Protein chains: 2
Amino acid sequence: MKDQKLNPAVSGLTLTEQMQRGQVFAERCPSRQVLNHVTSRWGVLVLIALLEGTYRFSELRRKITGVSERMLAQTLQSLEADGFVLRTAYPVVPPHVEYSLTPMGEEVAVRVRELADWVEINLHRVLEVQAAQEVSA
Amino acid sequence: MKDQKLNPAVSGLTLTEQMQRGQVFAERCPSRQVLNHVTSRWGVLVLIALLEGTYRFSELRRKITGVSERMLAQTLQSLEADGFVLRTAYPVVPPHVEYSLTPMGEEVAVRVRELADWVEINLHRVLEVQAAQEVSA
DNA sequence: ATTCAAACTTACCTTTTTGTACGTACTTAC
DNA sequence: GTAAGTACGTACAAAAAGGTAAGTTTGAAT
């Protein structure tokens, strides 16, 4: 009931949400780990890529410039373990494996993409700040 | 005009945004670095914390359980360099320094918090998936 | 006189993450 | 018959991130 004491941007959360909120600040909360998976260097890019549709392993590798096979495999596995990515393997030779988002994966990916979009769109503002600080430094 | 070919979640972007989109997939794009700053282990937590208001260094340290002084200082510096965090030092002894979000910082932080909120609120779903996979593994 | 507190910085060391290179199994292309 | 493509696993090495502990500065409290 003392919601108004908080920053206005914080209001709009239900009581349940309020109670859940703040757990990330706790050291041992598993939410930190899940968050680390989706915000990991390659996790972010994989999620955004898969929002566009289904991709094969090597297609993803070509799309996400700079990932090693090892890292891509590892990232996909952790996202699969969290239930964000669906792996479909067709038992043919050469192997054919498709990756897509689960419904839950889409939900996170949308948020991740919004963040990435903001960064891309506002990148020039950040670069301006950085440039301005170099001068005054 | 062929927006409909894309995943519906992707539409709603302007042409300019469409053109900017995809730069993150390029290896050397600076947006990747900025993204790494805000999605870094401690960066996420600092941004969310500062959405609640202004904090002093040691207050942040107590709030974000598990950060070392070294990491907190480093994180704050990179966020300041990107123009997301405003550092205000009062020349008194002992030192008094306040950290808050710049307008630009609030914009990112809101997105970061939405992502973190989703994770916290849906954590149980993730844990259920993880538990189910352990059985079948 | 000694301790404490703030907000760091620095040196040193450990842990985690990431990359490189190679191996695998099988088939198609040259 | 040799190379290439597919989707990885694995060993080793380098790089990056992170932690620990100590030092700094100055005034106020004990």
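**Figure 1. The area buried between chain B and chain A.** In this predicted model, putting chain B and chain A together buries about 5,600 Å² (buried area is the accessible area, taken with a 1.4 Å probe, that two parts lose on being put together, summed over both). Carbon and sulfur atoms give 63% of that area. Look for B:Phe25, B:Trp118 and B:Glu120: this trio supplies 14% of what chain B buries against chain A, more than any other three residues. As for contact (heavy atoms within 4.5 Å), 61 residues of chain B and 61 residues of chain A take part.

**Figure 2. Salt bridges and polar contacts across the interface.** There are 2 salt bridges between chain B and chain A (a side-chain nitrogen of Lys or Arg within 4 Å of a carboxyl oxygen of Asp or Glu). A salt bridge links A:Arg125 with B:Glu107, and their closest N and O atoms sit 3.2 Å apart. You'll also find 15 residue pairs in polar contact here, both partners at pLDDT 80 or more. A polar contact is a pair of N or O atoms within 3.5 Å; within protein, one must be able to donate a hydrogen and the other to accept it, and residues adjacent in sequence count only if both atoms are side-chain atoms.

**Figure 3. The side of chain B that touches chain A.** Two or more residues each come from α1 (15-20), α2 (30-38), α3 (41-51), α5 (69-81) and α6 (103-136) of chain B. Helices (H or I, at least four residues) and strands (E, at least two) are DSSP runs, numbered from the N terminus. The largest share, 22 residues, belongs to α6(B).

**Figure 4. A hairpin in chain B.** Strands β2 (residues 85-90) and β3 (residues 96-101) of chain B pair in the antiparallel sense over 6 bridges (strands pair if DSSP finds at least two bridges between them). A hairpin of 5 residues connects β2(B) to β3(B). Across the pair, B:Leu86 stands opposite B:Ser100 of β3(B).

**Figure 5. How the two copies are related.** Turn chain B by 180°, shift it 0.0 Å along the axis, and it lies on chain A with an RMSD of 0.1 Å (a least-squares fit on the C-alpha atoms of residues with pLDDT of at least 70 in both). The copies are therefore related as by a two-fold rotation axis. In chain B, the C-alpha nearest that axis belongs to B:Thr39, 2.7 Å away. The copies meet through the same surface, because 100% of chain B's interface residues are interface residues in chain A too.

**Notes.** Residues are numbered from 1 along each chain as its sequence is written, while chains are lettered from A and ligands numbered from 1 in the order in which they are written. Local features need pLDDT of at least 70, side-chain atom pairs count only at pLDDT 80 or more, and totals for chains, interfaces and linings use all residues, with side-chain values using heavy atoms and leaving out hydrogens and water.
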